[in-house]
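The following paragraphs lead the reader through a protein model, one chain after another. Please keep the sequence and the structure in view while reading.

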Amino acid sequence: MRRITLIVTAVVVVLFIISWIIKTNTVPEDGTFRPFIQGFLVTFAAFLTLAIMSFLYRDNPFYKFAEHLYVGVSAAYAMSLGFWTTLVGNLFPRISQNLSDWFGVPFLHYEWHFVIPPILGIILLMRLSPKGGWISRWALAFIVGTTAGLNLPRFLRSDFIEQISSTFLPLLVQWQGVGPFFSNFSLAASGQFIAILTNITIFLGVLCGLIYFFFSKEHKGVFGTASRFGIWVLMVTFGASFGYTVMGRISLLVGRLTFLLKDWLGIIS
Amino acid sequence: MTNIGVYISLLLIFGGLLAILIYSLKGRDVDRRIIFLFVLFSVASAIIFHIEFEESATPIVKKVFEFVENLPPESKILISFDFDPAMKPEVHPMANAFVRHALVKGHKLYLMGLWPQGQALMTETIEYVLKPEFPNAVYGEDYVMLGYKAGNEGVLNVIITDFRKMYSTDAHGTSLDSIPLFDDVKSAKDMDLIFPVGGGKPGPKEWILFVGDPGNVPIAPGLAAVVAPLIYPYYPRQAIGLLGGVKGAAEYESELKKNYKEFENVETPALQMMGPQTMAHIVIMAFIVIGNIGFFRARRRKWQEGN
Amino acid sequence: MKRTIPVIIVSVVGTVLVLSVFFPPVQTMGEDFSLFFDIIAVFAFFLGGGNLVRIHLVKIYRKRPDWGFSVVTLVGFFVTLLVGLGKLSVTGVTASVTAPDSFLQTIFVNIITPLSSTMYALLAFYVASASYRAFRAKNREATILLIAAFIILLGRTPLGMKLTGWIPEWLSILQIPNLAVWIMNAPNLAGQRAILIGVGLGVVAMSLRLILGMDRTYLGSDND
Amino acid sequence: MTAKTILFILVAVLLAPLVMAQEEAVPDSTVGVIPPAPPLNFRAFDTPYDNGHSISLEWELSADDGQGRNNVLGYRVMRAESPDGPFVERGIVTSGGTSYNDSGVKESDSPDYFPRDHDFYYKIVATTADGSEAESEVFGPVRAVGQWFNARKWPVLIAVGLFTAFTLAFITLARRGKDLYVRPLAGIEAVDEAIGRATEMGKPILYVMGLGTAADIATIASFTILSRVAKKVAEYQTSLIVPCYDPIVMTVAQETVKASYYDAGRPDAYDDKDVFFLTNQQFAYVGGVNGIMIRQKPATNFYLGKFYAESLILAETGATTGSIQISGTDEVTQIPFFVVACDYTLIGEELYAASAYLGREPVLLGTLKAQDWGKACVIISIILGVLFAIFGWQDGVDAFRPGN
């Protein structure tokens, strides 16, 4: 077992070096780095891609290496961005002239209450100490409270009131009487009948979908029929969602394979 | 030469599907690694022998395109990069297409992001699309990079009333007061159109809830396929149209190509992805059918044994 | 004390933010709270980083299995942090933290991008194998779902038009791309809206419970 | 009068025509430049429904903006504290714009200070590329006044009030012990059946709470169902495995399971190791749970809570190991995978309902009822609204739309 790992590692190292040499001689000049380093970077990116893909075969040291690297690098990336954009950008210009000058951001003016968030922030960091865990709940409470307070009115407006009024559809679109309706009747995608059918489906679909999610009454009689229609509409909805999700996942694979075939192997232009 | 390659790989793919069908009809299970290899092969071969299709925009995408077309010149357009590399193949082409369309129409661009990774992707857009294709665009007068801010919905709740309270400077540390694009911009309400591009949280949904609805700003979301169906209820009143997944991006790209000569030769990554995409859809559907044939046969056998 | 103060904080902050929507005098306070939230969010990143360092240091110190990989995590973490906090680049310190020539951008393009996008690209393989082994039309609901999914999958590719483009104009709703568009615009919109209203009410109810102090699960248990 | 003064007056009188001539000469230096038409009907007013630190301005386009000579570049917004000036520029609006919002902050030490209840005078200056300008009439005085309530938000405020009332009323009713009806759900009946099957087979039960935090509704609902499952498990004397993703969720889950074992009269059977923290890396977590499924082959898998991309990997592995699978989530994008790969799925809100039904906890039950009433309101409103729309009563339709 140990020997196999060694052999595979050796092969990977050799392939890595070959790729590095080839890429060094073929990468286009971009001005930031010398070709030698660029060749290494492209090869390393390809190596990481393949290392993650090797998980499909089974869990292995290459995958573990890539995964562990990812965890460390992405945490530090988010910290760096947060530090420069938000602490330097929004906090320092409000609490300290000296800090603003040091980091080269224009100082706004003192707002004493902006000492509260860094204090809460440090309280949050107390979670790292085994004994200070309980006090970090104060900061957690601020986060929970903000989210709740921000969400409550906005969900009620956008996902509730606006949705109701968006469903107020004139069911009979372009209605000019029964005669014209039948004489122009067709199943064309842009025709009047389909437009009417769309609005009726939306109206009944929303209504019956809501009835399906109504828990205070047993689903019997008319209510039962409506809720059965509701579940069918919901299943079509989930089908659409299924299709889109599958589509999205595949796009990601196509994107990655394009990188391997184009930027690394250079098979396609 | 390419044609022969296409036929051989098609033959291999359909032959493989047939083999898997026969194998599972015998009641045996195909190892999932074989399935993985099969998917890898079919997608890779479709990429190598790239087949490009014509796309025409569906109404919901066309609405967005036409909205941009009909805006008076020098309108203010905000693009928010709310995604990370994991969504990049689907939605980055949309952001780039929006940038192209906005600048070719002479609109003013404001770039920001609610995801830390978005800022790096913003840099990519500026370096690889904006600067080479629009060398005359001036930073600060035609476009500005505001960058990322932490705080999700909290960010939106502030910029809806005051940009400067949230962004005292742009991403390069220049004060907004010395950037001409902000002379007549106070808050996000002053935008004529917002393109939130993304697919997670925070993302387009938060833009509708926290900026679009309360500020009455037109929102045109560019969405990763996974969340696209979820945003449909906001159309057409709370979102003027929407782009869903790589297909939506491809439609927008083709619409741009059709209407503007200068974009005839630009990269259209989303359009190029449609070939492999089609192949993979066929394979997935075939797998579902094959799997279910096996399932129904097994169930009927069980039934017969039961009787 | 350990539980009362957090509950009071949630109530006060939540109430102020709700009121700030309706009452202009409270509006500035609402904005300030949002800014506070944004700043605390950065400390949450620091907490994440701190946690990561602690976990992996413990792993290395106790020589747990795979402790060698923890070294990889820590090296990646500290190198990126140094480069990011220092805004380092070949030419010195950059103005923007993600300037095109900064080392952080180099790390982003060559390490974060391949790793994070390949992680999710793996899902395409799992979708395929699950399609073959687990997705069954076992009842009427699942069957409807799969049929709708097929129409969408076909309709979202050029193949749909190739297969059904011959259907005449007066029946054009039956062309698969048109049918796919119709499914998205009618039943999908209706179903999503019904779910949206329900889930939206759920979020509102949850927020209300938190603000009123009726739900304290987020505090965890006492011996945390 | 001194000689100096006389000299000064003399010089002044002599120089005066010269100075005047120069002033007259100014228009001559820009011969051929005709100033644009001024903006018309300019008015300024207190911005409605705000905190009182801004004034709104509106005007009609200059006749040379977009038409006429079409040479207007933009409009400068000028403000002064008296009608005669001095006027200070407050902002620029590009051509085609007909409104501006002059605003600032309430802190008086800020450079952006905008005083409340203070008289201001405004004018708008149309500018062109050649430097010629045309001014509107001065408008004023106008003062920024604060309002205490934003009347455009009535519909939202009514909704908040109504919903809060529903919730409080039903929670109070439930606490007083009133029996609130919740219809039975198919998935719930399957729970007991599945536990029974695990007992017969002598295999463990796997309970996955997903990736949510303790503040997610789905996770909270999952705790209640976990409590019920744990109680049954204790009664039937099977074993339970709960791998957790979030440390806080883990502590709550441990408490929940411990309490259930205690209720079932078997506190001795509880082992802290059954409810454990796995990892908080998405794919590592999936890998870990998959490993448990393949090694221990649980008879029943529960996936209840918040799930993301991992849902289909879990459901697939579970389906191939032949377990009964019961799932539930409010994450809409993942429901389809659960529906086609699991035996029972609690769709969206059904998960909340299931937890209220099983737990009979007043707070959960009360909120569920309030949500039901909310939905009933939607159903009635939609029917009414569609009738309004059909009969073309636009005011009725608009009544539901909040302003900004």
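In this predicted model, chain B is divided into two domains. Domain 1 is made of two stretches of the chain, 2–49 and 273–306, while domain 2 covers 59–267. The centres of these two domains of chain B, taken over C-alpha atoms, are separated by 39 Å. The C-alpha trace of chain B as a whole spans about 80 × 50 × 35 Å along its principal axes.

The secondary structure of chain B consists of 11 helices and 6 strands. Chain B has 307 residues, and 59% of them count as buried. Among the contacts in chain B with a separation of 6 or more, 74% join residues that are 24 or more positions apart.

One helix of chain B may be considered in detail. Helix α2 of chain B comprises the 17 residues 32–48. From its first C-alpha to its last, this helix reaches 24 Å, which is close to the 24 Å expected at 1.5 Å a residue. Several residues of α2(B) are buried, including I35(B), F38(B), V39(B) and I47(B). S42(B), V43(B), A44(B) and A46(B) in α2(B) are buried as well.

Chain A is likewise described by two domains, with domain 1 at 1–58 and domain 2 at 171–264. Taken over C-alpha atoms, the centres of domain 1 and domain 2 of chain A are separated by 47 Å.

Which parts of chain C give two or more residues to the side that touches chain A? To approach this question, one may begin with the extent of the interface: 111 residues of chain C are in contact with 102 residues of chain A. The elements of chain C that give two or more residues to this side are α1 (4–22), α2 (24–61), α3 (67–85), α4 (103–133), α5 (140–155) and α7 (176–211). The largest share, 25 residues, comes from α7(C). By chemical character, the residues on the side of chain C that touches chain A divide into 75 nonpolar, 25 polar and 11 charged.

Chain D contains an open sheet of 6 strands with parallel pairing, in the order β11-β10-β9-β12-β13-β14. The edge strands are β11 (275–277) and β14 (344–347) of chain D, each of which pairs on one side only. On average, neighbouring strands of this sheet are turned by 15° against each other, direction ignored.

At one edge of the sheet, strand β10 (residues 240–244) of chain D runs parallel to β11(D) and is joined to it by 3 bridges. Within this pairing, F276(D) in β11(D) is the bridge partner of P243(D). Helices accompany the sheet. Helix α3 (residues 186–201) of chain D packs on it, touching β9 (205–210), β12 (300–306), β13 (324–329) and β14 of chain D. The direction of α3(D) makes about 145° with that of β13(D). Helix α6 (residues 282–296) of chain D lies across β9 and β10 of chain D and runs at about 165° to β10(D).

At the other edge, β13(D) and β14(D) pair in the parallel sense over 4 bridges. There, I347(D) in β14(D) is the bridge partner of T329(D). How do the side chains of this edge strand point? Y344(D) and L346(D) point one way from β14(D), whereas T345(D) and I347(D) point the other way. All of these residues are buried, although β14(D) is an edge strand.

Methods
Residues are numbered from 1 along each chain as its sequence is written. Chains are lettered from A and ligands numbered from 1 in the order in which they are written. This is a predicted model: local features need pLDDT of at least 70, side-chain atom pairs count only at pLDDT 80 or more; totals for chains, interfaces and linings use all residues. Domain bounds come from an automatic or database domain assignment. A residue is buried if 20 or more other C-beta atoms lie within 10 Å of its own, exposed if 12 or fewer, and partly exposed in between; C-beta atoms are placed from the backbone. Two residues are in contact if their C-beta atoms, placed from the backbone, lie within 7 Å. The expected span of a helix is 1.5 Å times one less than its number of residues. Ala, Val, Leu, Ile, Met, Phe, Trp, Tyr, Cys and Pro count as nonpolar, Asp, Glu, Lys and Arg as charged, and the others, Gly among them, as polar. Two strands pair if DSSP finds at least two bridges between them. Axes are lines fitted to C-alpha atoms, for helices over the stretch in contact, and angles run from 0 to 180 degrees between N-to-C directions.
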